[in-house]
Amino acid sequence: MFITMNTLKSLLGTNPNVIDIRENYLYVRGHFPNAKNIPARMLKTMPDKYLDKMQTYYLICESGFKSKVLAEKLNTLGYHVYSVKDGYEAI
């Protein structure tokens, strides 16, 4: 499942759970408003530490590929996760 950057921007008033899965040095250079930084390797290996199966999450990476792959994996584990199409590059 994926959403576009414009759709995510339209959700800003609802305080969406946005997770930037890029490495921290990329996150500090710029990120989506209110996004939390949880690198992909950490989220992939310990999703239960960071996610709640009752919440919806939006993953963003640099170009959309890594977030798509990780979102698919997390959805098969029972989480409700969307990948942001075209990633941070779409901002």
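Student: Let's start with Asn34: in which loop is this residue found?

Tutor: Asn34 sits in the loop between α2 and β3 (36–37). The element names come from DSSP runs, with helices (H or I) of at least four residues and strands (E) of at least two, numbered from the N terminus. Keep in mind that this is a predicted model: local features need pLDDT of at least 70, side-chain atom pairs count only at pLDDT 80 or more, and totals for chains, interfaces and linings use all residues. Residues are numbered from 1 along each chain as its sequence is written, and side-chain values use heavy atoms, with hydrogens and water left out.

Student: What is the sign of phi at Asn34, and is the residue buried or exposed?

Tutor: Phi is near 65°, a positive value in a residue other than glycine. Asn34 counts as exposed, because its relative accessibility is 58% and the cut-offs are under 20% for buried, over 50% for exposed and partly exposed in between (1.4 Å probe, protein chains only). Asn15 also has a positive phi, of about 55°, although it is not a glycine. Asn15 belongs to the loop between α1 (5–10) and β2 (17–20), and with a relative accessible area of 55% it is exposed.

Student: Moving into β2, where does Asn17 stand on that scale, and what does its side chain reach?

Tutor: Asn17 lies in strand β2 and is partly exposed, at 22% relative accessible area. For its side chain, look for polar contacts, meaning pairs of N or O atoms within 3.5 Å; within protein, one must be able to donate a hydrogen and the other to accept it, and residues adjacent in sequence count only if both atoms are side-chain atoms. The Asn17 side chain reaches the backbone oxygen of Thr56 at 3.1 Å, and it makes a polar contact with the side chain of Gln55 at 3.3 Å. For general contact, the rule is heavy atoms within 4.5 Å. Setting aside residues up to four places away in sequence, Asn17 touches Gln55, Thr56, Tyr57 and Tyr58.

Student: Asp20 is found in β2 too. Is Asp20 buried or exposed?

Tutor: Asp20 counts as buried, at 1% relative accessibility. Beyond residues up to four places away in sequence, it touches Tyr27, His31, Ala35, Lys36, Asn37, Ile38, Pro39 and Ile60.

Student: Which residues of the largest nonpolar core touch the most other members?

Tutor: A nonpolar core is a set of buried Ala, Val, Leu, Ile, Met, Phe, Trp, Tyr and Cys residues joined through side-chain atoms within 4.5 Å. Here the largest has 13 residues, and those touching the most other members are Ile19, Ile21, Leu43, Leu51, Leu59, Leu74 and Val81. Two elements, β4 (56–60) and α5 (65–76), give two or more residues to this core. Of these, α5 gives the most, with three. There is also a second, separate core of eleven residues, including Ile3, Phe32, Ala35 and Tyr58.

Student: Strand β5 (80–84) holds Ser83. What does the side chain of Ser83 reach?

Tutor: It reaches the backbone nitrogen of Lys68 at 3.2 Å. Ser83 is buried, at 2% relative accessible area, and among its contacts more than four places away are Met1, Phe2, Leu59 and Ala71. Val84, also in β5, is buried at 0%. Val84 and Met5 are 79 residues apart in sequence, while their C-alpha atoms are 6.1 Å apart in space.

Student: How is a pocket found, and what volume does the largest one have?

Tutor: Rolling a probe the size of a water molecule over the atoms shows where empty space is left. On a 1 Å grid over the protein atoms alone, using a 1.4 Å probe, a pocket is an open set of points with protein on both sides within 12 Å along at least five of seven lines, and lining residues have an atom within 4 Å of a point. The largest pocket has a volume of about 300 Å³, taken as the space filled by probe spheres set on the points, which are joined across faces, edges and corners.

Student: Which residues lie nearest its centre?

Tutor: Of the 16 lining residues of the largest pocket, Ile21, Ala40, Arg41, Lys66 and Leu70 lie nearest the centre. Helix α5 gives the most to this lining, with five residues. Leu70 is found in α5 and is buried, at 5% relative accessible area. Its contacts, leaving aside neighbours within four places in sequence, are Ile21, Ala40, Leu43, Lys44 and Leu59.
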